[in-house]
Amino acid sequence: MSGVDVSIALPEDETPGELIKGYFTLMRAFGWDLYVTSHFALRESLGPQWFAARISMLKDSDGICQGG
């Protein structure tokens, strides 16, 4: 869908730094996948400004996302 390749840096050993590197890049890849999936699904139903539209819907519904 997006044409963007997200690579995951696998740990080369069991040291804390290598495990954190693997975890960080894995979470980044999951985040990107969630964004791409959400973007294409919500763009169809809420339009190109879907994020702002969704925030407005949440603010109007039950107080979620109410700023300080």
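How many aromatic pairs does a search of the whole structure find? The search finds 2 aromatic pairs. They are described below, after an outline of the fold and before an account of the charged side chains. The model is predicted.

## Overall features

The protein contains 2 helices and 0 strands. Of its 68 residues, 13% count as buried. Among contacts with a separation of 6 or more, 16% are made by residues 24 or more positions apart.

The surface exposed by the protein amounts to about 5,500 Å². Carbon and sulfur atoms supply 62% of this area.

## Aromatic pairs

A pair of aromatic rings is described by the distance of the centres and the angle of the planes. Both quantities are given here for each of the 2 pairs. In the pair formed by Trp32 and Tyr35, the ring centres are 5.4 Å apart and the planes stand at 45 degrees. The pair is therefore tilted, since this angle is neither under 30 degrees nor over 60. Trp32 and Tyr35 both belong to helix α1, where a spacing of 3 residues places them about one turn of the helix apart. Trp32 is partly exposed, at 34% relative accessibility, and Tyr35 is likewise partly exposed, with a relative accessible area of 38%.

The rings of Trp50 and Phe51 have a centre distance of 5.8 Å and planes at 80 degrees, so this pair is edge-to-face. The cut-off behind that label is an angle over 60 degrees. How do the two partners stand with respect to solvent cover: is Trp50 buried or exposed? Trp50 has a relative accessible area of 11% and is buried, because the limit for that class is under 20%. Phe51, by contrast, counts as exposed, at 56% relative accessibility.

## Salt bridges

The structure holds 2 salt bridges. Which residue forms a salt bridge with Glu12? The partner of Glu12 is Lys21, and their closest N and O atoms are 3.7 Å apart. Lys21 also forms a salt bridge with Glu18, for which the closest N and O atoms are 2.9 Å apart. Lys21 and Glu18 both lie in helix α1, which spans residues 16–46, and are 3 residues apart, about one turn of the helix. Through shared partners, the salt bridges join Glu12, Glu18 and Lys21 into one network.

The members of this network fall into separate accessibility classes. Glu12 is exposed, because its relative accessibility of 66% lies over 50%. Lys21, at 27% relative accessibility, counts as partly exposed, a class that lies between the limits of 20% and 50%. Glu18 has a relative accessible area of 17% and is therefore buried, the limit being under 20%.

## Surroundings of Glu18

Glu18 is located in helix α1. Its side chain makes a polar contact with the side chain of Lys21, at 2.9 Å. Which residues does Glu18 touch when those up to four places away in sequence are not counted? On that basis, Glu18 touches Leu10, Pro11, Glu12 and Asp13. Glu12 thus appears both among the residues touched by Glu18 and as a salt-bridge partner of Lys21.

Note on methods. Residues are numbered from 1 along each chain as its sequence is written. This is a predicted model: local features need pLDDT of at least 70, side-chain atom pairs count only at pLDDT 80 or more; totals for chains, interfaces and linings use all residues. Side-chain values use heavy atoms; hydrogens and water are left out. A salt bridge is a side-chain nitrogen of Lys or Arg within 4 Å of a carboxyl oxygen of Asp or Glu. Buried means under 20% relative accessible area, exposed over 50%, partly exposed in between (1.4 Å probe, protein chains only). Helices (H or I, at least four residues) and strands (E, at least two) are DSSP runs, numbered from the N terminus. Rings of Phe, Tyr and Trp (its six-membered ring) pair if their centres lie within 6.5 Å; planes under 30 degrees apart count as stacked, over 60 as edge-to-face and the rest as tilted. A polar contact is a pair of N or O atoms within 3.5 Å; within protein, one must be able to donate a hydrogen and the other to accept it, and residues adjacent in sequence count only if both atoms are side-chain atoms. Contact means heavy atoms within 4.5 Å. Accessible areas come from the Shrake-Rupley method with a 1.4 Å probe; for residues, only the protein chains shown count as cover.
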